[in-house]
Amino acid sequence: MSTHAPIGGKLFTRPFYFFLLLFMIALAILATRFIFGLGSVTNLNDGYPWGIWIVIDVMIGTAFGCAGYAVALLVYLFNRGEYHPLVRSALMAGMFGYTLAGMAVMFDLGRYWQFYTLMMPGYVQYNSVMLEVAWCVMAYIVVLWIEFLPTFLERFGLKNLRQKLSKVLFIIIALGILLPTMHQSSLGTMAVVAGHQISPLWQTQLLPPLFLISALLMGYALVPFEAILASMGLRQPMETSLLAKISGVALAVTIFYLVLRFADLLWRGALGFAFESNLDALMFWVENLLFIVPVVLLAQRSSRTNPALIFISAVSLLLAGSIYRINTYIIGYHPAAGGTWHYFPSVAEIMLTVGIFSFEVILYLIFVKTLPVLHRA
Amino acid sequence: MAISIKESDTHLDGFVGTLGGVSRREFMKFCTGVAATIGLPAGMSWQIAAAASNPQRPPVIWLSAQECTGCTESLLRSTHPTLEQLILDAISLDYHETLSAGAGHQAEAHKQQSMQQNKGKYVLVVDGSIPVKDGGIYCKVADRPILDHLLEAAEGAAAIIAIGSCASWGGIPSSGPNPTGATGVAEILKDKTIVNIPGCPPNPYNFLTTVLHFLAFNRLPELDAKGRPKFAYNRLIHENCERRPHFDAGRFAITFGDEGHRKGWCLYKLGCKGPETYANCPAILFGDVGPGAWPVGTGHPCFGCSEQGVGFTKGVHQLAELETIKPSATHVDIAEDIGVGVTPAAAATALAVAGAAAGAGGVVVNRLMQNNGNETDNDLEPHDREG
């Protein structure tokens, strides 16, 4: 019935142990953080209360996790069934991205033990953007696991349950499209709240749509990125024609994004800041050139069938979206008062982030080898 | 309705009647405020209260020479006490060109009468400079040079207060070629003690406090070498200026409207005379409207209006003489650097991660390119990569 199957093979390979080691280091850092507090491992301060644990682990992590959202949008909203083979692995990427991002938030919360108050209506502030993000992300993590549930049910032969779930799954799928639309744009809204502390190169009322579209873009980029790595690393068949098509979608969305981004800069009269000689301007161009690279590489229809070009474009888009988030929240963010603030992630912060992404790789390896995730041609 | 003053009304409990509607509480607040302005202990407010409610209000003769009435105008805008509280309740203002009820011969006659009756008891206040050139003909009141009026009134005065820079040391009429020979009161009445309250206009509270001090203790407040009350004029403006930390840190506005000016940096290089002007402007401010309500607070360099040889003499653009502290050649940051920047270990870690990712990416791209070269014929078809 299913065209998905576990790929099997040896689980405990050398790459697996390598990523496991990185994950163990991260666990040690986490232990230190929870025993001695945030200050013992991070370079966070009152000027920069958000470091890479929020910006990379959560914001970029969930943007990577938008693969599930981006493909579901294509398949279910635009009714493009031909992309269906990509749904399951994309959903899994989303599930990992969001679940780990949700955990990563806990690492960064100063008083994490009060997290439960978020669920208590009497405690919450209903006008808060962060509340919306928190509720939305929590709900979406649950939704993703339910969306992914058929994979488990197939693996363990629970056909009856699988069929029952199919009947209500459309509600979950609808939620799975609604929720990321809400919170991915809200992740941009949080920067709007920071006001003039963020450079005019990034501060705009259009941050919510720009964050949403760039998250979608990263989702569309992650699909070929993951598919190509899987085909090489795990010796899987490559669905080049599908990847060519989805690269076309990514190309169109990228062009739309760039038009919106630069029209906004021009309309606000902020483009001049891009020609100053400072780190802000440099990073602005790094970010936007990375968005432009795929447009150049994928412009020709024939180049969209070249896996190397697809891969470079995907990496470029993922980097571009990531740097856009880092720029908005760290590079372009200048704490307003109270001193000359500095922030660069500490070794421990970097290693924890590396550890979290390593954990995603470990989970990926376990899941694709033991569960029917990848599509069989 | 006439208020008859009985013996009992002079007692502090009788203030309501004496003060014509001012509540006892308000009145004591005002007196405590006055005591605080001079730096007296709070208990002294009773003594000031007794003086301010004394039915034997001391007469005051106010002479106006070459002046603009700015000093009177600023007094009119004081709120604690108000000028009417002062002249109706605390003193008996027997002669004032602007505020007298009478005019012309009537006013002059009243002045003469008061001076004779209260000889040796009245307070003489002078605003405006006194022209001495050509027999003082450049400023005449009632057909007599103001110089004559001054000499006459000074004879029987118990205390003489020169209010404003003009009366204190000549002020604006004495600057430039000084065609009228404008001179301060103290220079004319060399054998008398003159209290100078310079400023253009001076802060009304420096004047009111001096008057109430005289009423309360029957003597003048402590004066400096230039005859100025020490409670108001013993510190340079520079010493109490809210922008002083910027001076010490070497952060100066260079032109009006530049970044430093907009950020509230020190105005010394715009010609601020705060470092050579003695006054309490930054401490008590003007107009009772809250913080920042004084020239430097609004972004304008101090003009030095109260200081002889500075105000109306030096150009606005000229740098002040630094009487006390020179700006140092090196400066300590006001705002310390906070937070940890790039450390070698963190940079190495970040570069290692980036390098590993780039390396892996490079390998992938390289292999894809090789494969692509081998399989150009069926790119558009889904296909198995060969192992």
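Me: When are two residues in contact here?

Reply: Two residues are in contact if their C-beta atoms, placed from the backbone, lie within 7 Å. In this predicted model, local features need pLDDT of at least 70 and side-chain atom pairs count only at pLDDT 80 or more, while totals for chains, interfaces and linings use all residues. Residues are numbered from 1 along each chain as its sequence is written, and chains are lettered from A in the order in which they are written. By that contact rule, 34 residues of chain A touch 28 residues of chain B.

Me: Which element gives the largest share of the side of chain A that touches chain B?

Reply: Helices (H or I, at least four residues) and strands (E, at least two) are DSSP runs, numbered from the N terminus. Five residues, the largest share, come from α10(A).

Me: How are two packed helices described?

Reply: By the angle between their axes and the distance between the axes. Axes are lines fitted to C-alpha atoms, for helices over the stretch in contact, and angles run from 0 to 180 degrees between N-to-C directions. In chain A, the axes of α7 (residues 207–233) and α8 (residues 240–268) come within 10 Å and cross at roughly 155°. That makes α7(A) roughly antiparallel (over 145 degrees) to α8(A). Among the residues making this contact are A:L210 and A:Y220 of α7(A), with A:V253 and A:F256 of α8(A).

Me: Where does α2(A) stand, largely enclosed or not?

Reply: A residue is buried if 20 or more other C-beta atoms lie within 10 Å of its own. In α2(A), 13 of the 13 residues are buried, so this helix is largely enclosed by the rest of the structure.

Methods
Angles under 35 degrees count as roughly parallel, over 145 as roughly antiparallel, 65 to 115 as roughly perpendicular and the rest as oblique. A residue is buried if 20 or more other C-beta atoms lie within 10 Å of its own, exposed if 12 or fewer, and partly exposed in between; C-beta atoms are placed from the backbone.
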